[in-house]
Amino acid sequence: MMLSIVCPIYNEVRYIKGCIESIVAQDYPKDSLEVLFVDGMSLDGTRDVVQQFMSLYPFIKLLDNPKKITPTALNIGVTAAKGSIIFRLDAHAIYPNNYFSILVKYLEELRADNVGGICRTLPVNNTNVCVAIACALSSPFGMGNSYFRIGIKDVKKVDTVPFGCFRKEVFDKVGLFDEELIRNQDDEFNGRIIKEGGCIYLIPEVIIDYYARDSIKKVIKMFYQYGLFKPLVNIKLRKPTTIRQFFPVLFVIGLIVGGVFSIFTSLVYIYILVVSLYWCLAFYFALSNIRKIKRLGGVMLLPFIFFMIHVSYGWGYLVGIFKVIFKSYTFFRDVSFFGQ
């Protein structure tokens with residue numbers, strides 16, 4: 001069975017070699033494989049690394065993405081794909097050598113439309129900040145019930161998976177990725193699959209090593225953009241994809257509205273109590289990860305990172321609601337490329 005691997009890239013010189021090495025180490029027959037790297041015109045040497053591997057492995061190809069946005073890259077790859085099954089990969093990840101074979105097996109056995117694995121989030125380096133960020137992105141307090149981030153024990157039907165394995169006919173049925181969604185295009189696409197009666201499964205035996213962002217600033221930007229595009233996804237699907245998406249925005253509204261009302265009323269003590277409860281929970285979950293982080297500095301950073309994730313997502317969501325209401329869609333298209 002022919003597989004087409006589609007991987008959007010842009011200035012990924014730090015990660016691309018490890019990603020490609022994990023791809024060429026796959027146990028799937030190489031004569032039934034094509035790997036399409038779709039590049040947003042990288043300037044950091046990413047293209048050179050891909051071209052070096054192309055000279056060694058003829059199934060690796062490099063396609064151009066002048067628009068520099070992820071959904072366009074995905075659509076370029078899907079349109080060019082020759083395989084009956086399409087994988088959507090990310091250059092920030094390292095894949096187990098049975099990734100393709102195991103997911104194809106489950107795709108067939110479950111008669112699914114998309115299957116994917118668990119993300120094991122790793123720090124880019126061993127600093128307190130990077131270790132704390134990686135921990136926050138795999139914590140139930142930070143991520144809620146995002147199962148592919150926090151993990152599960154059994155195969156589970158879910159609303160989305162990372163780096164999925166799709167039947168090609170799914171794209172004929174529901175269309176390509178929405179190029180208006182610079183973020184959350186996977187969520188919206190998977191939402192269309194479910195809306196059309198399709199099934200998506202998370203496979204816990206498949207573990208992907210995913211490298212988190214290397215600074216708090218980048219994490220804030222990422223989650224702000226996740227929140228920013230979520231209302232547009234809901235409008236397009238005509239329903240919310242998950243319940244957990246509303247908690248950060250309600251938290252931000254509570255901080256703002258509660259803060260204002262507490263100044264002019266006797267509710268100030270309730271406000272302080274609720275905010276204190278949040279920080280108590282944040283510190284509790286931080287301390288519960290002390291064995292994982294193994295350093296006090298990283299543990300002390302965790303509550304702050306939790307807070308910034310929740311606030312940046314919630315604030316982005318509020319701005320996204322405003323943009324949807326006033327139909328400011330051009331703003332969404334101005335947000336920088338996914339890989340930056």
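## Exercises on contacts, cores and a helix

**Exercise 1.** List the residues in contact with F87, leaving aside its neighbours within four places in sequence.

*Solution.* Contact here means heavy atoms within 4.5 Å.
- Step 1: start at the low numbers, where F87 is in contact with L3, S4, I5 and V6.
- Step 2: move along the chain, and Y99, F100, L103 and V104 join the list.
- Step 3: finish with G164 and C165.

Before you go on: this is a predicted model, where local features need pLDDT of at least 70 and side-chain atom pairs count only at pLDDT 80 or more, while totals for chains, interfaces and linings use all residues. Residues are numbered from 1 along each chain as its sequence is written, and side-chain values use heavy atoms, with hydrogens and water left out.

**Exercise 2.** Find the largest nonpolar core and the residues with the most contacts inside it.

*Solution.*
- Step 1: get the term straight. A nonpolar core is a set of buried Ala, Val, Leu, Ile, Met, Phe, Trp, Tyr and Cys residues joined through side-chain atoms within 4.5 Å. Buried is under 20% relative accessible area, exposed is over 50%, and partly exposed is in between (1.4 Å probe, protein chains only).
- Step 2: the largest core has 65 residues, and F37, F87, L89, Y99 and F100 have the most contacts inside it.
- Step 3: look apart from that one, and you'll meet another core of 29 residues, including C135, M143, Y226 and I309.

**Exercise 3.** Is T72 buried or exposed, and what does its side chain make a polar contact with?

*Solution.*
- Step 1: T72 sits in helix 3, residues 70-80. Helices (H or I, at least four residues) and strands (E, at least two) are DSSP runs, numbered from the N terminus.
- Step 2: with a relative accessible area of 6%, T72 is buried.
- Step 3: its side chain makes a polar contact with the side chain of E179, at 2.9 Å. (That's a pair of N or O atoms within 3.5 Å; within protein, one must be able to donate a hydrogen and the other to accept it, and residues adjacent in sequence count only if both atoms are side-chain atoms.)
- Step 4: zoom out to helix 3, where eight of the 11 residues are buried, among them P71, L74 and V78.
- Step 5: those buried residues pack against strands 1, 2 and 4, plus helices 8 and 9.

**Exercise 4.** Work out which residues F307 touches, not counting those up to four places away in sequence.

*Solution.*
- Step 1: find F307 in helix 14.
- Step 2: F307 touches F251, L255, Y278 and W279.
- Step 3: take W279 from that list; F307 and W279 are 28 residues apart in sequence, yet 8.5 Å apart in space, C-alpha to C-alpha.
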